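Here are some comments for a colleague who is opening this entry without having seen it before. They are set out as numbered points, to be read beside the sequence and the model.

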Amino acid sequence: MNRIQKLLIAFLSLSILFAAVVLSRVWIFKPQSTVKLVKLPAGEYDTETWGKNYPLEYNSYKKNIEMAVSPAGYGGSIKVQKAEMQPELYTNFKGNPFSKDYTEDRGHPYSLEDLRESKRIGPAAKAACITCKTPYIEQAYQEMGWSYANKPLNELMDKTKHPVTCANCHDPETMGLRVINPAFIEAMQKRGIDVSKANREEMRSYVCAQCHSEYYFEPGTSKVIFPWDKGLTPQQMYEYYSTKPNGFAQDFIHPDSQVPVLKAQHPDYEEWQNGVHGQFGVSCADCHMPYMRKNGQKYTSHWVTSPLKTMGESCSPCHNQGQELLFSQVKAIQDNVWQLQHTAGQKIARAHGAIQQASTNTAANQTEITNARELLRHAQWYWDYVAAANSMGFHNPVQELNTLGQAIDLAQQAIDAANKAAGTNTL
Ligand code: HEC
Ligand code: HEC
Ligand code: HEC
Ligand code: HEC
């Protein structure tokens, strides 16, 4: 071998060695140590204990306590009253505790604290409210079945100090994903879906859907039910509620208009599932729990917050348009949805006033007033479906803009019907 050949071989060996080191750090998924420091028995709800085995996930989970405004100006992880931006909430939820206290959602570690401090909760509140706030729901349901739901809230709040934690989404023995909310499991069963057979991709959204969905409390028992028998769109859920399921007729009666109002509760899962990302199989975790790397280790981020804070990890694996352009697209969607949401909310507030005014007229046509109330109930459900979901329309812009358009039309029809009933219609 001559000198040049030797040099070439040395150079090649070094290059291979270098490439191997780089590849092993960048590409190969190095699992965390398989030696588990602590055993996690069923019923272990303390994140700190889980964190001993899974420090990377635990440290990212701890970031959920961070409070920050959203990069795009909607949502955010700060406890502000939603009515600050939308004063029409005071009118539309008059007679309901949501008009007193309705704050923006923040990180999972605050779930129990925010429930305890909510001015919506009085001494008569039922334990059904803890269903989506703590893994203790697992134990409560095992011990009492659905009868836990009708117990006083304070009684069950005293039994746990754990907010949404690892055990809500993971089986402590296998670390596989799981769902523990019995209301979700039952609702899916009724749709013919056995969630215990769900694959990993589906579970990456089901773990969220068990809480981020619309529900109501069954009168008398406070059992939590998801209104999905007819489907998950705003129209299908409205049709379901129109049958007065299990004797449930409304969340409250509006004191001015006497409309039996349905209060929507965060239908994030419903909104997403037939949007473009839901239809194309992009799971909640893909955006809200992206993969991260630390010292060559790849792990799932457990900082579950606005994906606009982590667009490089959350969106770039699929979108190559560049972050700035993508961000401005999200902002444009949200600005458009916000504008129509605000318009719809204000028109609904005016409709409550129009019906109240018509009702004070003793000569008013009662059939027409009943008609106006039904139109307004429908309008308010459509508006609230969008307003109560948390993404300002991003999860499904086409459906949400359509729903708000219909809300505005129905509210106008309610105003026209009220005016006609009172004989003040100029049409
Ligand atoms: C809101 C649901 C949720 C909560 C709460 C949660 N996880 Fe996870 N976790 C997930 C999802 C989703 C994945 C991705 C699983 C997959 O794709 O197979 C995951 C993955 C993991 C993994 C597998 C390795 C990895 O990083 O992908 C570990 C370990 C883990 N989580 C630990 C924890 C610990 C510890 C806690 C509590 C501090 C916790 N998780 C809380 C949903 C959750
Ligand atoms: C056990 C019920 C439960 C599960 C499971 C759950 N969430 Fe939540 N989530 C909540 C509650 C309750 C809040 C509001 C907490 C508060 O405001 O105090 C919340 C808040 C949030 C927020 C707002 C955080 C912020 O920074 O403003 C996001 C985003 C979120 N959840 C996404 C998800 C995703 C994605 C999943 C699944 C990977 C998931 N959640 C699973 C109950 C749950
Ligand atoms: C394609 C990515 C993507 C998917 C998939 C996705 N989200 Fe989102 N989500 C977003 C974006 C973007 C926002 C808007 C964040 C903002 O305004 O700062 C958002 C907002 C939210 C918020 C409100 C956050 C806040 O700051 O208050 C919640 C809660 C939420 N999503 C839950 C879910 C759930 C549950 C699923 C699955 C059923 C899901 N998301 C699927 C991207 C996604
Ligand atoms: C797993 C892949 C995947 C991820 C992750 C993902 N997207 Fe998408 N996104 C898609 C697909 C597929 C489409 C539809 C086809 C298309 O337009 O290219 C889409 C469409 C969109 C659209 C146009 C459609 C609409 O709803 O107006 C926007 C905007 C968008 N994504 C933003 C985001 C943002 C922001 C994130 C990160 C928070 C994100 N996406 C994460 C796959 C993904």
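1. A residue is called buried when its relative accessible area is under 20%, exposed when that area is over 50%, and partly exposed in between. By this rule His319, at 29% relative accessibility, counts as partly exposed, and His277, at 22%, likewise counts as partly exposed. Please keep in mind throughout that the model is predicted.

2. These two histidines belong to a metal site, since the iron atom of ligand 4 is coordinated by the NE2 atoms of His277 and His319, at 2.0 Å. The site has 6 donor atoms with angles of 87 to 180 degrees among them, and its geometry is octahedral. His277 lies in helix α13 (residues 276-279), whereas His319 lies in the loop between α15 (311-314) and α16 (323-359), so the pair ties together parts that are 42 residues apart in sequence.

3. The iron atom of ligand 1 also has two histidines as its protein donors, namely His170 and His302, each through NE2, and they lie 1.9 to 2.0 Å from the metal. The arrangement here is octahedral because the 6 donor atoms subtend angles of 88 to 179 degrees. As His170 is in the loop between α8 (166-169) and α9 (182-190), and His302 is in the loop between β6 (297-300) and α15, the pair ties together parts that are 132 residues apart in sequence. Are these two donors buried or exposed? Both His170 and His302 are buried.

4. For reference when judging the angles in both sites, six octahedral donors would ideally give 90 or 180 degrees.

5. Turning to enclosed space, a search of the whole structure finds 1 cavity of 30 Å³ or more, and the largest cavity holds about 30 Å³. Its lining is made up of Cys287, His288, Pro290, Trp303, Thr305, Ser306, Pro307, Thr310 and Ser314. By class, the lining of this cavity comprises 4 nonpolar and 5 polar residues, with no charged ones.

6. Among the open spaces, the second largest pocket contains about 370 Å³. Of the 22 residues that line this pocket, Gly73, Tyr74, Gly75, Met85 and Glu104 lie nearest its centre. Helices α16 and α17 (366-388) each contribute at least two residues to the lining of the second largest pocket. Which classes of residue make up the lining of this pocket? The lining has 10 nonpolar, 9 polar and 3 charged residues.

Notes: Residues are numbered from 1 along each chain as its sequence is written. Chains are lettered from A and ligands numbered from 1 in the order in which they are written. This is a predicted model: local features need pLDDT of at least 70, side-chain atom pairs count only at pLDDT 80 or more; totals for chains, interfaces and linings use all residues. Side-chain values use heavy atoms; hydrogens and water are left out. Donors are N, O and S atoms within 2.8 Å of the metal (3.2 Å for Na, K and Ca); water is not among the atoms, so sites may look incomplete. Four donors count as tetrahedral if all angles lie between 85 and 135 degrees; four count as square planar and six as octahedral if opposite donors are over 155 degrees apart and all others between 65 and 115; anything else is irregular. Helices (H or I, at least four residues) and strands (E, at least two) are DSSP runs, numbered from the N terminus. Buried means under 20% relative accessible area, exposed over 50%, partly exposed in between (1.4 Å probe, protein chains only). On a 1 Å grid over the protein atoms alone, a cavity is a set of points where a 1.4 Å probe fits but cannot get out, and a pocket is an open set with protein on both sides within 12 Å along at least five of seven lines; lining residues have an atom within 4 Å of a point. Grid points are joined across faces, edges and corners, and a volume is the space filled by probe spheres set on the points. Ala, Val, Leu, Ile, Met, Phe, Trp, Tyr, Cys and Pro count as nonpolar, Asp, Glu, Lys and Arg as charged, and the others, Gly among them, as polar.
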